[in-house]
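Student: I would like to go through this model with you and ask, term by term, how each description is justified. Could we look at it together?

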Amino acid sequence: MIKKILVILALFGLVVFATFYFFDRNVRQVEVIKETQEMQTQSFCLHDDELANFEIEPLGKYPSPGYDEGMVRISVKQITTGKEIVKFEIGNVESGNYHPVELHKCGVYIIRGFNFDNKKFRPLPGFRRELWFYNYGWVGKKIITLAGESKDGISDAAGVPGTLYAVDYSYDFRVDPLEKYIILEKGYLGKDDYSLVIKDLRTLKDAFMLSLADIAKKKPNFAGSFGMRQWTKDGKYFWGDIFDGADVLAVFRIDSATWKWEVFEVPPYTMGGTALNAEYGYITYSDGPPWTGDAEFDQINKAKWLKEGKKLHFYLYSVFTKEKTLLTTADDPLWSFKPEWLSDTKLQYELPSGEKKVYETKK
């Protein structure tokens, strides 16, 4: 009898051990520097004294770095002490994507890709691009499929050898600060259903849709592609733009409380690299020669500009009042000024000399 009891206790202990072992290895798998008991009780959202950062490391497997497979490293530190609390890695990330990751208070949102031949640049059987969510305990789940194998025999890459595939949403997204909504781009310029879609993150149902056709009804001259900018800090407004090549034609703002939207024209020569202030509606631009996308043509335009003795003017523009403020000038017509908002009111820009300036705006 005693022997049977001992056997039962041993088996029970083995089950308990195996349960915790596999939970730790296969679900959490996170290097924790905090005490284990504290990590077990936390919600895996960031605390007020914690800050998350990420870096993308290309794995260098393929000749084109823009399409190389990458690894994202997530790190959480205490702000007051600088002590690292948690770190983990997420694979299957395309390092060339300009916006593959967003960090929010309760988790990481990341675009991941599977079964794609980066060397030959074509999809393989089982190809898919997906948007995933990870909390800060390294527990992840797929949110939505952005692209996958074509089910109707029609491919969005006609003439390209390999597995046929269909793209439901482009490889871009924005999550609001409250982690309530996610914005995706459906279709592409030329398709009847080309639009921005705002989905409820909990249900994944469409909360609002803004199509290019809707904008064209009000502003026929703003024919272009959607560009995603940013949410305001309180999550009330989302800002985006309409662009044609390198030129931004207009910016728009969507009110998430009423789903009303506004479109604002911007000055000529406003480009994608300009800095938008979502809180107060400012945008930067310069009046240099149009960017052609061809280095040789750009140099020809630069030489002509210099010969004529023209100056490059760098402005700050209010989309609400249409007021423009001259910030500085430069001789090099191709200089970008590298504008960056340091805060809601402080704009940093760089002169050709390398000197950095800060301009404080009106609220």
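Student: What makes F337 a buried residue in this model?
Tutor: The model is a predicted one, and in it F337 has a relative accessible area of 0%. Buried means under 20% relative accessible area, so F337, at 0%, is called buried.

Student: Where is F337 found, and what is said about its phi?
Tutor: F337 belongs to the loop between β21 and β22 (340-341), and its phi is near 70°, which is a positive value in a residue other than glycine. W259 is described in the same terms, with a phi near 65°, and W259 sits in the loop between β16 (247-255) and β17 (261-265).

Student: Why are β18 and β21 said to stand at the edges of their sheet?
Tutor: The sheet is an open one of four strands in the order β18-β19-β20-β21, with antiparallel pairing. β18 (276-277) and β21 (324-330) each have a single partner strand, so one side of each is left without a neighbour in the sheet, and this is what places them at the edges.

Student: How do you know that β18 and β19 count as a pair?
Tutor: Two strands pair if at least two bridges are found between them, and β18 and strand β19 (residues 282-286) have two bridges, in the antiparallel sense. The count therefore meets the cut-off, and the strands are called paired. One of the contacts can be named, since the bridge partner of N277 in β19 is Y282.

Student: Which strands stand at the edges of the sheet that contains β12?
Tutor: That open sheet of four strands has the order β10-β11-β12-β13, again with antiparallel pairing. β10 (174-175) and β13 are at the edges, because each has a single partner strand and so has one side without a neighbour in the sheet.

Student: What joins β12 to the strands beside it?
Tutor: On one hand, six bridges join strand β11 (residues 181-186) to β12, and there K186 has S195 as its bridge partner in β12. On the other hand, five bridges join β12 to strand β13 (residues 206-211), where S195 stands opposite S211. With at least two bridges needed for a pair, both the six with β11 and the five with β13 satisfy the definition, and in both cases the strands run antiparallel.

Student: What lies between β12 and β13?
Tutor: The two strands form a hairpin with five residues between them, and L204 in the turn has a positive phi of about 65°.

Student: What makes β12 a mostly covered strand?
Tutor: Six of the six residues of strand β12 (residues 195-200) are buried. In a regular strand the side chains alternate between the two faces of the sheet. In β12, S195, V197 and K199 point one way, while L196, I198 and D200 point the other way, and all are buried.

Student: Why is the pair of F127 and Y165 called edge-to-face?
Tutor: A pair of aromatic rings is described by the distance of the centres and the angle of the planes. Rings pair if their centres lie within 6.5 Å, and planes over 60 degrees apart count as edge-to-face. F127 and Y165 have ring centres 5.3 Å apart and planes at 65°, so the pair is edge-to-face. F127 lies in strand β7 (residues 122-134) and Y165 in strand β9 (residues 165-167), so the pair ties together parts that are 38 residues apart in sequence, and both residues are buried.

Student: How do you know that Y285 and Y317 form an edge-to-face pair?
Tutor: Their ring centres are 6.4 Å apart, which is within the 6.5 Å limit, and their planes are at 85°, which is over 60, so this pair is also edge-to-face. Y285 lies in strand β19 and Y317 in strand β20 (residues 312-318), so parts 32 residues apart in sequence are tied together. Y285 and Y317 are both buried.

Student: What makes R112 a charge that sits over a ring?
Tutor: The charged end of R112 sits over the ring of W132 at 4.6 Å from its centre, and the distance limit is 6 Å. K218 likewise lies over the face of W261, at 4.3 Å from the ring centre.

Notes: Residues are numbered from 1 along each chain as its sequence is written. This is a predicted model: local features need pLDDT of at least 70, side-chain atom pairs count only at pLDDT 80 or more; totals for chains, interfaces and linings use all residues. Side-chain values use heavy atoms; hydrogens and water are left out. Buried means under 20% relative accessible area, exposed over 50%, partly exposed in between (1.4 Å probe, protein chains only). Rings of Phe, Tyr and Trp (its six-membered ring) pair if their centres lie within 6.5 Å; planes under 30 degrees apart count as stacked, over 60 as edge-to-face and the rest as tilted. A charge sits over a ring if NZ of Lys or CZ of Arg is within 6 Å of the ring centre and within 35 degrees of the ring normal.
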